[in-house]
Amino acid sequence: MTLRRTFIAAAALLLAALPARPSVTPAAASANDSIPTGTSKPAPMGEVYRLKLYHLHTGEHIDVIYRIGNEYVPAAVAQLDHFLRDHRTNDVKDYDVKEFDLLHDLLAKVHDPNGEIDIVCGYRTPWSNNFLRTHGGGVAQHSQHMEAKAIDIRVPGVPTTELRDAALSMARGGVGYYPVSNFVHVDVGPVRHWSYE
């Protein structure tokens, strides 16, 4: 056997001995983004928590699995934190993950579990919050937005009154109804509600 044939035969044996690379779906890729290369971790089992969001101010879309069963996916949560950044300053803050669960469960409550949520406002720096307070109304001085515990939303095809009522029935935090601006504020702070005309 020539040297070349010996080399090809050895390479073929080596390749045959290597384990096959598993196929990775986009969902699995999101769920395993935080696993270092060269290690393996079994995929957690359980309900898949997915959010599809559209940011009205940045024009960005995100479709991400942020939780599987009881385990949050750190890379996906970081993507959501960045997506919900203060669009005026680009500052990012770590969101309370209960807010993401609230959005997920709210979509199920309005019978649109695969729907996309329009984001009117996510995280706000104190500067942005003060800017909005001095240039409009309906903005709390100590807003939950500054704590990354609140999001103002719409769900296309779902009336904001229905969205508000669903959020109120869940009793998982604050619910503000803004009929003129056509959005609902949902947060994971103390349970309370208000309306701003």
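Before anything else, a definition: helices and strands here are DSSP runs, a helix having at least four residues and a strand at least two, numbered from the N terminus. With that settled, alanine 148 can be placed in the loop between α5 and β5. I will come back to that residue. Note that this is a predicted model.

First, the overall layout. The chain has 197 residues, and 39% of them count as buried. There are six helices and eight strands, and along the sequence they follow the pattern α-α-β-β-β-α-α-β-α-β-α-β-β-β. If we take the contacts with a separation of 6 or more, 56% are between residues 24 or more positions apart. The accessible surface comes to about 11,300 Å², with 56% of that belonging to carbon and sulfur atoms.

Now the sheet. In general, strands of a sheet pair through backbone hydrogen bonds, either parallel or antiparallel. Here the eight strands form an open sheet with mixed pairing, in the order β3-β2-β1-β4-β5-β7-β6-β8. Which strands stand at the edges? They are β3, residues 71-72, and β8; each has a single partner strand, so one side of each is left without a neighbour in the sheet.

Let me go through some of the pairings, starting with β1. Strand β1, residues 48-55, is joined to β2, residues 61-68, by seven bridges, and the two run antiparallel. One pair you can pick out on the screen is tyrosine 54, which stands opposite histidine 61 in β2. The two strands form a hairpin with five residues between them, and glycine 59 in the turn has a positive phi of about 75°.

On to the partnership between β1 and β4. These strands run parallel and are joined by four bridges. Leucine 53 stands opposite isoleucine 117 in β4.

A word on the faces of β1. In a regular strand the side chains alternate between the two faces of the sheet. In β1, the covered face holds Tyr49, Leu51, Leu53 and His55, while Val48, Arg50, Lys52 and Tyr54 make up the uncovered one. So of the residues I have just paired, Leu53 is on the covered face and Tyr54 on the uncovered one.

Next, β5. How many of the five residues of this strand are buried? Four are, so β5, residues 150-154, is largely enclosed by the rest of the structure. Three bridges join β5 to β4, and that pair runs antiparallel. With β7 the sense is also antiparallel, over four bridges. Aspartate 152 has a partner in each of those pairings: cysteine 121 stands opposite aspartate 152, and in β7 the bridge partner of aspartate 152 is histidine 185.

Aspartate 152 brings us to the pocket. The largest pocket has a volume of about 500 Å³. It is lined by 27 residues, and the closest to its centre are Arg124, Gly138, Val139, Asp152 and Phe183. The elements giving two or more residues to that lining are β4 (116-121), β7 (183-187) and β8 (192-195). By type, the lining divides into 10 nonpolar, 12 polar and five charged residues.

A few loop residues to finish. Glycine 122 is in the loop between β4 and α5, the helix at 126-134. Is glycine 122 buried or exposed? The cut-off for buried is under 20% relative accessible area; glycine 122 has 2% relative accessibility, so this residue counts as buried. Apart from neighbours within four places in sequence, glycine 122 is in contact with Leu84, Tyr95, His145 and Ala150. For leucine 84, the C-alpha to C-alpha distance to glycine 122 is 4.9 Å, although the two are 38 residues apart in sequence.

Then two alanines, for the backbone angles. Most residues other than glycine have a negative phi. Alanine 148, the residue I opened with, has a positive phi near 55°. At 0% relative accessibility, alanine 148 counts as buried. Alanine 171 also has a positive phi, near 50°. That residue lies in the loop between α6 (160-170) and β6 (174-178), and at 46% relative accessibility alanine 171 counts as partly exposed.

That is what I have on this one.

How values were computed. Residues numbered from 1 in each chain as written. Predicted model: local features only at pLDDT ≥ 70, side-chain atom pairs only at ≥ 80, totals over all residues. Heavy atoms only, no water. Buried < 20%, exposed > 50% of the residue type's maximum accessible area, 1.4 Å probe, protein only. Contact = heavy atoms within 4.5 Å. Areas by Shrake-Rupley, 256 points an atom, 1.4 Å probe, with all protein chains shown as cover. 1 Å grid on protein atoms, 1.4 Å probe; cavity = no way out; pocket = protein on both sides within 12 Å on 5 of 7 lines; lining within 4 Å. Points joined across faces, edges and corners; volume = space filled by probe spheres on them. Nonpolar A, V, L, I, M, F, W, Y, C, P; charged D, E, K, R; others polar. Pairing = 2+ DSSP bridges.
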